[in-house]
Structures are given as structure tokens and as C-alpha cells.
Amino acid sequence: MGRLDGKVIVLSAAAQGIGRAAAIAFAKEGAQVTATDINGEKLRELDGIQGIRTKVVDVTKKDQVEALAKEHDRVDVLFNVAGFVHHGSILDCEEADWDFTMNVNVRSMYLMSKAFLPKMLEKKSGNIINMASVASSIKGVVNRCVYSTSKAAVIGLTKSIAADFIEQGIRCNCVCPGTVDTPSLRGRIQAQPDPEQAYKDFMKRQKTGRMCTAEEVAHLCVYLASDESAYVTGTEHIIDGGWRLNLRLERHKEGNSPPMANPTPQLYLL
Ligand SMILES: NC(=O)c1ccc[n+]([C@@H]2O[C@H](COP(=O)([O-])OP(=O)(O)OC[C@H]3O[C@@H](n4cnc5c(N)ncnc54)[C@H](O)[C@@H]3O)[C@@H](O)[C@H]2O)c1
């Protein structure tokens with residue numbers, strides 16, 4: 001018996017990272033998974049896994065999203081994963097960066113949810129999971145201006161859908177990870193002038209001494225996709241190893257560690 005036996009699940013950004021781990025975890029628990037991504041070559045690595053069907057979809061393209069929805073008579077769970085990280089403050093964020101990020105991170109979830117909701121409403125049953133982040137309305141993070149803005153919007157979208165359709169059998173939640181070891185995160189480290197130092201500085205903010213794995217986020221997603229979470233809606237599920245906690249400040253107050261007198265900008269680069 002799988003925890004997701006009989007469920008039909010559609011998700012985006014399944015070619016790598018959290019989306020890929022979630023697609024595999026969903027299938028392992030018995031779901032019929034439609035795994036989509038814009039990157040067909042990487043996506044095809046999932047072909048042959050029992051329970052997974054792959055399809056190339058750009059979630060920012062309304063016609064492709066609507067065609068995907070039309071292919072499914074029934075969808076129990078929609079998992080909106082696709083997202084892009086822009087690095088920088090508001091002064092580094094050009095209009096094109098702003099538009100691109102909001103398009104991939106927020107408008108895509110609007111398009112997907114709008115396309116799949118009518119099918120869920122027909123069945124009076126549906127479950128939408130959106131990928132947000134702790135870098136959002138939860139925590140101010142340096143150099144994540146438009147990213148955090150977009151993820152705060154994802155939290156708002158999640159609560160709005162949950163409120164509007166709760167009486168029609170729909171629930172909607174979001175997942176807010178801290179730092180997850182994924183190919184794109186590794187890419188952002190490599191893009192720094194001194195990747196080795198950037199990695200070291202970056203690890204300093206991991207109070208658990210390590211990053212989260214994509215598989216750990218996938219475990220949470222299995223719970224949210226399953227009926228085990230049937231009474232859970234309109235919530236943000238934080239999985240950040242305590243990153244949002246201001247431990248340094250708390251310890252300083254208790255006299256256990258000095259305050260960060262002169263924070264090095266590198267520490268906050270990623
Ligand atoms: N990695 C982290 O530390 C972290 C932390 C918090 C939140 N998140 C969020 O989790 C999600 C996944 O992040 P990740 O790091 O696992 O993934 P990733 O960045 O490694 O991969 C993202 C995937 O999205 C796909 N994609 C990009 N644009 C697309 C589009 N227009 N249509 C369809 N697919 C598209 C890419 O091809 C890629 O396979 C994102 O929304 C991200 O913001 C990640």
C-alpha cells in the first residue's frame with residue numbers, strides 16, 4: 001500500500017532538484033505522476049520510472065499550460081514548483097529581471113492553478129501545493145529582493161485559493177524551504193568570484209551544519225499530497241533547519257556569543 005495510491009499528480013520543474021525528488025517520491029508512493037519541465041533533455045532521465053510520465057511544458061506559456069490541463073480528466077494534486085532566483089537588491093534589479101522573476105515564480109502558478117482548478121471543482125476535490133521559500137514574507141534575506149517578493153506573493157496566492165475554495169473540497173498549501181542542495185544552488189555558488197570561499201561563507205548560515213536535501217523536502221511534499229494532511233489548508237510549511245531563527249541575536253542576549261560586529265558582505269551573498 002502506497003501513501004498516494006490512486007492519486008493523479010501533475011508537477012512542474014521536475015527535471016532536477018526538488019521537483020525531480022518529489023516526482024520520484026510521489027511515484028514510489030503509488031501516484032500516477034505527470035512530470036513536466038521546460039528542459040526536455042534532463043526531464044527524459046525520469047522516463048522508465050514506474051508511475052511517471054514526462055512532458056515538456058513551459059509554465060509561463062498559457063497555451064502549453066492549458067493543453068496540459070486538457071490532457072487530464074482528473075487531477076488530485078497540482079504541485080507548482082518552477083522558480084528562478086535573481087541575485088541582488090532592488091538597485092540591482094532591472095525591470096526585465098523583475099518581470100522575468102515574477103513571470104516564472106508567480107504568474108506561472110496563477111496560470112497553472114487557473115487551468116487545473118475547474119477540473120478539481122467538477123470532482124469537488126483537489127489539492128494544490130505551491131513552492132514558496134523562507135526568503136519571502138517570512139524572512140528578510142540580503143540580495144533576494146525580487147525573489148523574496150515573488151515568494152511572498154506565492155504565500156498570498158496560496159492562502160487566497162485556500163480561502164476561496166475551501167467549501168468546494170479544494171485545499172492549498174505552500175512549502176517554504178531554507179537552503180536546499182540542488183543543481184541550481186550549486187550553480188549559484190560556482191558563479192561567485194571565489195566559489196570555495198562562497199561555499200564556506202554560505203555554510204556558516206546553516207545552523208544545522210548542513211543544507212537540506214531535495215529528498216527531505218520531497219518527504220514533506222508526500223505528506224501534503226496525501227490524505228494524511230486532509231485537514232491542512234492555507235498554511236506555509238517551513239523546512240529550513242532553523243534558518244529563520246535569529247540564533248545569533250538570541251545567544252548574544254544570553255551572553256553566549258558575541259554579536260556580529262562587522263558582518264562581511266560575503267556571508268550574505270547567496
Ligand atoms: N534550492 C533551494 O535552496 C530552494 C530554497 C527555497 C525554495 N526553492 C524553490 O524550489 C523550487 C525548485 O528549486 P530547485 O533549486 O529544486 O530547482 P532548480 O532551480 O534546480 O530547477 C528548477 C527547474 O525548473 C525548470 N524551469 C525553469 N523555468 C521553467 C519554466 N518556465 N517552465 C517549466 N520549468 C521551468 C528548470 O528547467 C529546472 O529543471 C523553486 O521554486 C525554488 O525557488 C529552492
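Student: Which residue in β5 stands opposite Asn80?
Tutor: This is a predicted model, where local features need pLDDT of at least 70 and side-chain atom pairs count only at pLDDT 80 or more, while totals for chains, interfaces and linings use all residues. Residues are numbered from 1 along each chain as its sequence is written, and side-chain values use heavy atoms, with hydrogens and water left out. Strand β4 (residues 77–80) pairs with strand β5 (residues 126–131) in the parallel sense over four bridges; strands (E, at least two residues) and helices (H or I, at least four) are DSSP runs numbered from the N terminus, and two strands pair if DSSP finds at least two bridges between them. Opposite Asn80 in β5 stands Asn130.

Student: Which strands are the edge strands of the sheet?
Tutor: The open sheet has seven strands with parallel pairing, in the order β3-β2-β1-β4-β5-β6-β9. An edge strand pairs on one side only, and the two that do are β3 (52–56) and β9 (236–239).

Student: At about what angle does helix α8 run to β6?
Tutor: Helix α8 (residues 214–225) lies across β1 (8–11), β4, β5, β6 (170–177) and β9, where contact means heavy atoms within 4.5 Å. Angles run from 0 to 180 degrees between N-to-C directions of axes fitted to C-alpha atoms, for helices over the stretch in contact. For α8 and β6 the angle is about 170°.

Student: How much space lies in the largest pocket?
Tutor: On a 1 Å grid over the protein atoms alone, a pocket is an open set of points where a 1.4 Å probe fits, with protein on both sides within 12 Å along at least five of seven lines. Its volume is the space filled by probe spheres set on the points, which are joined across faces, edges and corners. For the largest pocket this is about 1000 Å³.

Student: Which residues are closest to the centre of the largest pocket?
Tutor: The lining has 43 residues, a lining residue having an atom within 4 Å of a point. Closest to the centre are Val81, Ala82, Gly83, Phe84 and Ser184.

Student: Which element gives the largest share of the lining of the largest pocket?
Tutor: At least two lining residues each come from α1 (17–28), β2 (32–37), α4 (95–122), α5 (145–165) and α6 (183–190). The largest share, four residues, comes from α6.

Student: Is Asn143 buried or exposed?
Tutor: Asn143 is found in the loop between β5 and α5, and has a positive phi of about 65° although it is not a glycine. Buried means under 20% relative accessible area, exposed over 50%, and partly exposed in between (1.4 Å probe, protein chains only). Because its relative accessible area is 18%, Asn143 is buried.
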